[in-house]
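This briefing covers one protein chain, with its overall form, surface, charges and nonpolar cores. The sequence and structure come first.

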Amino acid sequence: MTIQPGQPLPDVPLIVVDGGERQNTRSGELFAGRRVVMFAVPGAFTPTCSEKHLPGFVAQFDAFRARGFEVFCLSVNDAFVMQAWGQAQDVPPGLKMLADGNGEFTRALGLELDGSAYGMGLRARRFALVAEDGVVTALAVEAPGEFRVSAAEAMLEAVGG
């Protein structure tokens, strides 16, 4: 079942990549006491993710911060891929890249995508959410093949922008 607004985020292991640093943590610790906009992509280095989704949040990073929100990017990729992708995309320090290498967090959210037909295996659906102190306050899940409701501009509007 897909997580819904009003529900707490699951507490599972994740690896956070922030600049050159990689850190093992748990999602419960990571989201506790924070206001976060998290967006998820089906895969690092894939076309829409690299040409539109992540670049939009990089461009609007300061606008989210000015509204008191941290920005996290989630993908079912390993920490080394997320680090390389962040470097290739000039991700600013503070925009945290979340490596969900085994898809545990994504499955716990109920937002997994079976990309087997494309040789990708389990991935995250394209979505974005707002969480305050570990509780989801807004959720935007894209229809297959779409890129609108989880874009940086749409999420800025969702947080009062």
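How many Å apart are the mean positions of the positive and negative charges of the protein chain? The mean positions of the 13 positive charges (Lys and Arg, placed at NZ and CZ) and the 19 negative charges (Asp and Glu, placed at CG and CD; His and the chain ends are not counted) are 1 Å apart.

The model is predicted: local features need pLDDT of at least 70, side-chain atom pairs count only at pLDDT 80 or more, and totals for chains, interfaces and linings use all residues. Residues are numbered from 1 along each chain as its sequence is written, and side-chain values use heavy atoms, without hydrogens and water.

**Overall form**
- The chain has 6 helices and 9 strands (DSSP runs of H or I, at least four residues, and of E, at least two).
- Its radius of gyration, over C-alpha atoms, is 14 Å, close to the 15 Å from the globule rule (2.2 Å times the number of residues to the power 0.38) for 161 residues, so the chain is as compact as a globular protein of that length.

**Burial and surface**
- Of the 161 residues, 48% are buried (under 20% relative accessible area, 1.4 Å probe, protein chains only).
- The exposed area is about 7,400 Å² (Shrake-Rupley, 1.4 Å probe), with 48% from carbon and sulfur atoms.

**Nonpolar cores**
- The largest nonpolar core (buried Ala, Val, Leu, Ile, Met, Phe, Trp, Tyr and Cys residues joined through side-chain atoms within 4.5 Å) has 28 residues, of which Phe64, Trp85 and Met97 touch the most other members.
- Elements giving two or more residues to this core include helix H2 (47–59) and strand E5 (96–99).
- Apart from this core lies another, of 22 residues, among them Val12 and Leu98.

Conventions. Buried means under 20% relative accessible area, exposed over 50%, partly exposed in between (1.4 Å probe, protein chains only).
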